Amino acid sequence: EFPFNEENKSLLSDRWHKVKFENNIGYVFSMALEIEGEVEEAIKNLIIQKSKEFNEDKCLMLAIAKRESRFFPYMVSSANAQGVFQLMEDAVLHVNEEFGKKISDRFDINQNIEAGILYFQIIKRKYEGKDNFWEKCLAGWNRGMKKVKADEVFVIDDQPIETQQFIQDVFKFWEDCKNKLKNSGKILL
């Protein structure tokens, strides 16, 4: 049992880690383990890099990833959304079809981040030029594009509470990131 107190609080991790031992791959839940490439800073840097590569707003992508998984690469939701961007299998299939990709592992950090950013671009195309563009994009991300009609009036209060909170949180994280970037030149979420 790992002792918990305020002094060692920074050592705690509530993360699943992918590990390989003697040609076996599995997942380990660790209270104080960081694996190279899986630390939060490495994941943030990869999101920033991929955002630049795909000409997407890095602060928005960081905000969505923070809200979805707190940058934990092996997070799984009750609906089986997986990884940093909490992608459903349908989202990955949509990205593969639209962009000619072969993304197959939602737990692969690189694949998940690439698919998440590309999927958001698909969502943006659907709502481009529509009223409440950003709210519709985020609601479409959270609920699914089939449930958020592009040409219908968007009323935030008509959305499920979870979607309302998702939109509110992403806007807050996005704004925080832009302010920190503007004030310091560094991104710290």
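Which hand, left-handed or right-handed, does the crossing of helix 1 and helix 2 have? In this predicted model, the crossing of these two helices is right-handed, and the sections below take up this pair, then two further helix pairs and a pocket.

## Helix 1 and helix 2

Two packed helices are described by the angle between their axes and by the distance between those axes. Helix 1 (residues 40-53) packs with helix 2 (58-69) at an angle of about 135 degrees, and their axes lie 9 Å apart. Because of that angle, helix 1 counts as oblique to helix 2.

On the side of helix 1, the residues that take part are Lys44, Ile47, Ile48, Ser51 and Lys52, and they meet Lys58, Met61, Leu62 and Ala65 of helix 2. Sorted by class, this contact holds 5 nonpolar, 1 polar and 3 charged residues.

## Helix 1 and helix 4

Helix 1 also packs with helix 4, here at an angle of about 45 degrees and with the axes 10 Å apart, which means that helix 1 is oblique to helix 4. The crossing in which helix 1 passes helix 4 is right-handed.

Helix 1 brings Ile43, Leu46, Ile47, Lys50 and Ser51 to this contact, while helix 4 brings Ile109, Asn110, Ile113, Glu114 and Ile117. Divided by class, the residues of the contact are 6 nonpolar, 2 polar and 2 charged. Ile47 and Ser51 of helix 1 thus appear in the contact with helix 4 and also in the contact with helix 2.

## Helix 5 and helix 6

Further along the chain, helix 5 (residues 133-143) and helix 6 (residues 161-184) pack with their axes 9 Å apart and at an angle of about 120 degrees, and they are therefore oblique to each other. Their crossing is right-handed.

In this pair, Trp134, Glu135, Leu138, Ala139, Trp141, Asn142 and Arg143 of helix 5 meet Glu162, Thr163, Phe166, Ile167, Val170, Phe171 and Trp174 of helix 6. The classes represented in the contact are 9 nonpolar, 2 polar and 3 charged residues.

## The largest pocket

The largest pocket encloses about 700 Å³ of space. Its lining consists of 24 residues, of which Met88, Trp141, Asn142, Arg143 and Gly144 are the closest to the centre of the pocket. Two or more lining residues come from each of helix 2 (58-69), helix 3 (89-99), helix 4 (109-127), helix 5 and helix 6.

By class, the lining of the largest pocket is made up of 10 nonpolar, 6 polar and 8 charged residues. Trp141, Asn142 and Arg143, which are among the residues closest to the pocket centre, are also among the residues of helix 5 that meet helix 6.

Methods: Residues numbered from 1 in each chain as written. Predicted model: local features only at pLDDT ≥ 70, side-chain atom pairs only at ≥ 80, totals over all residues. Heavy atoms only, no water. Axes fitted to C-alpha atoms, helices over the stretch in contact; angles between N-to-C directions. Helix = DSSP H or I, 4+ residues; strand = E, 2+ residues; numbered from the N terminus. Parallel < 35°, antiparallel > 145°, perpendicular 65-115°, else oblique. Left-handed = near helix turned anticlockwise from the far one by under 90°. Contact = heavy atoms within 4.5 Å. Nonpolar A, V, L, I, M, F, W, Y, C, P; charged D, E, K, R; others polar. 1 Å grid on protein atoms, 1.4 Å probe; cavity = no way out; pocket = protein on both sides within 12 Å on 5 of 7 lines; lining within 4 Å. Points joined across faces, edges and corners; volume = space filled by probe spheres on them.
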